Amino acid sequence: MTTRVGRRPRSSLAGLLVALVAAAGCVVGGVSEPEGQQPAPPRPGGGSSPGAEQNRADGTTSVAEFRQDVADAQSIAERYWAAQFRASGQRFRPIRRIIPYQRAGEVSCGGQPLPRNNAVYCSAGDFIAYDVNWSVAAFRQVGDAFVFYLLGHEYAHGIQARLGIRYSYTIQQELQADCMAGAYLGDSVRAKALRLADGDLEEFREGLLAVGDAPDQPWFAEGAHGTAEQRTESFFRGYERSLAACDLG
Ligand SMILES: [Zn+2]
């Protein structure tokens, strides 16, 4: 499986991205609550078809291409985490579903309606849900590498749930998810499951700089994800040194 993460033209990403993760809840419904709604298991085809091997770095930003990138990122994340679990002798269960939505309240997590402009992992139903219009806008403005990061970050919350990891402070949970997203991407590049185009690393870097918390956000706040420096440091620590750098215990 080879997927090229092509480069797209970047425009000013700061404005959108600040709104992007400021709004993102990431973990909704608690990390360890098993109950809640259970969406039906079937997922759309999932894998990277041979078509994914084509060079798609042609500057197009269609919704179809966005969907393909989401499917590729999901497939690569599943394979990556399945291999990690296998290596430690544990059975791996992929995240049940990845659900795009368009309207506020269209999807709920543990009885809590999800707002627009958000992407979350819902432990209550073991699914990732994202506002598709908001995500496509981010994809168009920032580039495709960010789709792989975003999916990887939310997928990491699902892995934390599987491993029973729950920190006292949101920021610890979030920075670890950034590290794990970095590890999945870095290891997938090293394993040649994913190929980065020129500029993708810089795209991650710029994106992470833009999604840091505002300077006046207290680190212990419930929604804290970390400063731009903390998020960048965590992501690239995982990217360069793999999961050993992510304190998974
Ligand atoms: Zn998160």
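Okay, before we start, one bit of vocabulary: when I talk about a helix axis, I mean a line fitted to the C-alpha atoms over the stretch in contact, and the angle between two axes runs from 0 to 180 degrees between their N-to-C directions. Also, please keep in mind that what you're looking at is a predicted model.

So, the overall picture. There are seven helices and eight strands in this chain. The chain has 249 residues, and buried ones make up 52% of them. On the outside, about 10900 Å² is exposed, with carbon and sulfur atoms supplying 52% of that area. And if you take contacts between residues at least 6 apart in sequence, 77% of those join residues at least 24 apart.

Now let's go to helix α2, which I'll use as our guide. How many residues does α2 have? It has 25, running from 63 to 87. From its first C-alpha to its last, α2 reaches 36 Å, close to the 36 Å expected at 1.5 Å a residue. Just past the end of α2 sits Gly89, with a positive phi of about 75 degrees.

What does α2 pack against? Let's start with α3, residues 132–142. The angle between α2 and α3 is about 95 degrees, and their axes are 10 Å apart. Since anything from 65 to 115 degrees counts as roughly perpendicular, that's what we call α2 and α3 here. On the α2 side, the residues meeting α3 are Val63, Glu65, Phe66 and Asp69. Facing them from α3 are Val132, Ser135, Val136, Phe139 and Arg140. Sort that contact by class and you get five nonpolar, one polar and three charged residues.

Stay in this corner for a moment, and look at Ser62. Ser62 belongs to the loop between β2, residues 26–28, and α2. Is Ser62 buried or exposed? Neither, really: with a relative accessibility of 32%, Ser62 counts as partly exposed. Leaving out anything up to four places away in sequence, Ser62 touches Phe139 and Arg140, and both of those turned up a minute ago on the α3 side of the contact with α2. Ser62 and Val136 are 74 residues apart in sequence, but 8.6 Å apart in space, C-alpha to C-alpha.

One more residue on α3, and that's Asn133. Asn133 is partly exposed too, at 38% relative accessibility. Not counting neighbours within four places in sequence, Asn133 is in contact with Gln102 and Arg116. For Asn133 and Arg116, that's 17 residues along the chain, with the C-alpha atoms separated by 8.9 Å.

Right, back to α2, and a second partner: α5, which covers 170–190. Here the packing angle is about 90 degrees, and the axes are 10 Å apart. Again, that makes α2 roughly perpendicular to α5. From α2 we have Ala73, Ile76, Ala77, Tyr80 and Trp81, and they meet Met180, Ala183, Tyr184, Asp187 and Ser188 in α5. By class, this contact with α5 has eight nonpolar, one polar and one charged residues.

Which other residues have C-alpha atoms to compare with α5? Here are two pairs. Take Glu154, in helix α4, residues 145–163. Glu154 is buried, with a relative accessible area of 2%. Glu154 and Ala181 lie 27 residues apart in sequence, and 8.3 Å apart from C-alpha to C-alpha. Then there's Ala245, in the segment after α7. Ala245 is buried as well, with a relative accessible area of 5%. Along the chain Ala245 is 65 residues from Met180, and their C-alpha atoms are separated by 8.8 Å. Setting aside residues up to four places away in sequence, Ala245 touches Cys179 and Arg237.

Last topic: backbone angles. Which residues other than glycine have a positive phi? One is Lys192, with phi near 65 degrees. Lys192 lies in the loop between α5 and β8, residues 194–196, and at 63% relative accessibility Lys192 counts as exposed. Another is Ser242, whose phi is near 70 degrees. You'll find Ser242 in the segment after α7, and α7 covers 228–241.

If you take one thing to your screen, take α2: roughly perpendicular to α3, and roughly perpendicular to α5. That's it from me, thanks!

Definitions and conventions: Residues numbered from 1 in each chain as written. Predicted model: local features only at pLDDT ≥ 70, side-chain atom pairs only at ≥ 80, totals over all residues. Heavy atoms only, no water. Helix = DSSP H or I, 4+ residues; strand = E, 2+ residues; numbered from the N terminus. Parallel < 35°, antiparallel > 145°, perpendicular 65-115°, else oblique. Contact = heavy atoms within 4.5 Å. Nonpolar A, V, L, I, M, F, W, Y, C, P; charged D, E, K, R; others polar. Buried < 20%, exposed > 50% of the residue type's maximum accessible area, 1.4 Å probe, protein only. Expected span 1.5 Å × (residues − 1). Areas by Shrake-Rupley, 256 points an atom, 1.4 Å probe, with all protein chains shown as cover.
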